[in-house]
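This report is an introduction for a reader who has not met this structure before. It proceeds from single residues to helices and then to the nucleic acid.

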Amino acid sequence: MPELPEVEVVRRTLAPHLEGETITRVEVRAARLREPLDAAAFARDAAGRRILGLRRRAKYLLIDLEGGTTLVIHLGMSGRLAVTDAAAAGSEATNAEPPLHEHLVVHLASGRRLAFRDPRRFGQAFTLPTATLDADRRFRHLGVEPLAAQGGLTGELLERAAAGRRGPVKPFLMDATVVVGVGNIYASEALFEAGIHPKRSVARIAAQRWQRLAAAVRDVLQRAIDQGGTTLNDFSDAEGNAGYFQVSLAVYGREGEPCRRCGEPVRRLTQAGRGTFYCPGCQT
DNA sequence: CGTAGACCCTGCGCGC
DNA sequence: TGCGCGCAGGGTCTAC
């Protein structure tokens, strides 16, 4: 479900509800996610701690806690986070059955709860020492943050990363060791915006086109954030609102439909097991 | 070293 | 109506 824009939208909508709150306890309902949820670690690192702030690295949501610990949540493909207020939590409690696939519930001192639901169980939740977070195996290999004010994504960076490589540009763009946050939707969209064919070898892209691609990635991601993310099936922000960038998608999910620029039917192909959408008229 | 493929898991929409 | 199939926004590991 979520790429960088969706995680960023969740972060922004979640932050006002969580900052300054204190975690009373973390309830693990189903531990078997991609990595097992460690209830003992949550009890040790999160219970009783105040929430200082929310950050994002790549597609990971980082909840910084008092005491030097960060609660890390990754939404995987189908993860959702939602805050429910005290009244709703109370009425739910009387309703017995918890929502399906609600694997983790963070209880807050105000009575509100942060619930993590993830049907496909590709998500993750774990705690790390804040100071050494970047050294963790899940973070240390990550590439540049595309929208960073300083050191964001540039054409030079893409060109340098591509040096000595072969392979098509679309999987390259989704390689998190190069640039983070670009998933399957926005890779197709950015390549359309840059006019580059998804199968073009990274060895055959000139400096000027790398510039265009870097700019397109930043532009597509920023526009998606501004529009609340892309809601194809089930994405919603922390307050349950759907995004609406899906109406701005140029190619993703539009196989057979006319290109909005040239009218050619949008085509679909498979790369590295994922669907790629492109316009044969606009992308070379 | 870089790349391709399998795999983790559940749900949905489609064609029959 | 029911069933099987393919597909789905992510990431990691193994084999070449």
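## Residues in loops and strands

With a relative accessibility of 5%, Ala-58 counts as buried, since the cut-off for that class is under 20%. The model discussed here is predicted. Ala-58 sits in the loop that connects S2 with strand S3 (60–65). Its phi is near 55°, a positive value in a residue other than glycine.

Arg-121 also has a positive phi, of about 60°, although it is not a glycine. Arg-121 belongs to the loop between strand S7 (113–117) and S8. Its relative accessible area is 23%, so it is partly exposed.

Ala-47 is placed in the loop between helix H2 (39–45) and strand S2 (51–57). Its relative accessibility of 29% makes it partly exposed. Once residues up to four places away in sequence are set aside, Ala-47 touches Ile-23, Thr-24, Arg-25 and Phe-42. For one of these, Arg-25, the C-alpha atom is separated from that of Ala-47 by 4.7 Å, although the two residues are 22 residues apart along the chain.

Phe-126 is part of strand S8. It has a relative accessible area of 9% and is therefore buried. Which residues is Phe-126 in contact with, leaving aside its neighbours within four places in sequence? They are Phe-42, Tyr-60, Thr-70, Leu-71, Val-72, Arg-138 and Phe-139. Between the C-alpha atoms of Phe-126 and Arg-34, which are 92 residues apart along the chain, the separation is 11 Å.

Asp-136 lies in the loop between strand S8 (124–129) and H4. At 14% relative accessibility, this residue is classed as buried. Its side chain is joined to that of Arg-138 by a polar contact of 2.8 Å.

The accessibility values of these five residues are collected below.

| Residue | Relative accessibility | Class |
|---|---|---|
| Ala-58 | 5% | buried |
| Phe-126 | 9% | buried |
| Asp-136 | 14% | buried |
| Arg-121 | 23% | partly exposed |
| Ala-47 | 29% | partly exposed |

## Helices H4 and H7

Helix H7 comprises 20 residues (residues 207–226); at 1.5 Å a residue they should span 28 Å, and the end C-alpha atoms are 29 Å apart, which agrees. The buried residues of H7 are Trp-210, Leu-213, Ala-214, Ala-216, Val-217, Val-220, Leu-221, Ala-224 and Ile-225. Viewed down the axis of H7, these buried residues fall within an arc of 160°, so they line one face of the helix. The face turned away from this buried side carries the exposed residues Gln-208 and Asp-226. Among the elements that cover the buried residues of H7 are helix H1 (4–18), helix H4 (155–162), helix H5 (169–173) and helix H6 (184–194). Just after H7, Gly-228 adopts a positive phi of about 80°.

In H4, the residues Gly-155, Leu-158 and Ala-162 are buried. They cover an arc of only 65° around the axis, which puts them on the same side of H4. The cover over the buried residues of H4 includes H5 and H7. Just after H4 comes Gly-164, with a positive phi of about 85°.

## The surroundings of DNA strand B

Which residues surround DNA strand B? They are Arg-32, Leu-100, His-101, Pro-119, Arg-120, Arg-121, Phe-122, Arg-165 and Arg-166. Of the atoms of DNA strand B that come within 4 Å of the protein, 61% belong to sugar and phosphate. By residue class, the surface near the strand divides into 3 nonpolar, 1 polar and 5 charged residues.

Several individual approaches can be described. An N or O atom in the side chain of His-101 is 2.7 Å from a phosphate oxygen of DNA strand B. For Arg-166, a polar backbone atom is 3.5 Å from a phosphate oxygen of the strand. In the case of Arg-120, an N or O atom of the side chain is 3.1 Å from a base oxygen of DNA strand B. Arg-121, described above as partly exposed, is also among the residues that surround the strand.

Note on methods:
Residues numbered from 1 in each chain as written. Chains lettered and ligands numbered in written order. Predicted model: local features only at pLDDT ≥ 70, side-chain atom pairs only at ≥ 80, totals over all residues. Heavy atoms only, no water. Helix = DSSP H or I, 4+ residues; strand = E, 2+ residues; numbered from the N terminus. Expected span 1.5 Å × (residues − 1). Buried < 20%, exposed > 50% of the residue type's maximum accessible area, 1.4 Å probe, protein only. Arc of directions from axis to C-beta. Contact = heavy atoms within 4.5 Å. Near = heavy atom within 4 Å. Polar contact = N/O pair within 3.5 Å; in protein donor to acceptor, adjacent residues only side chain to side chain. Nonpolar A, V, L, I, M, F, W, Y, C, P; charged D, E, K, R; others polar.
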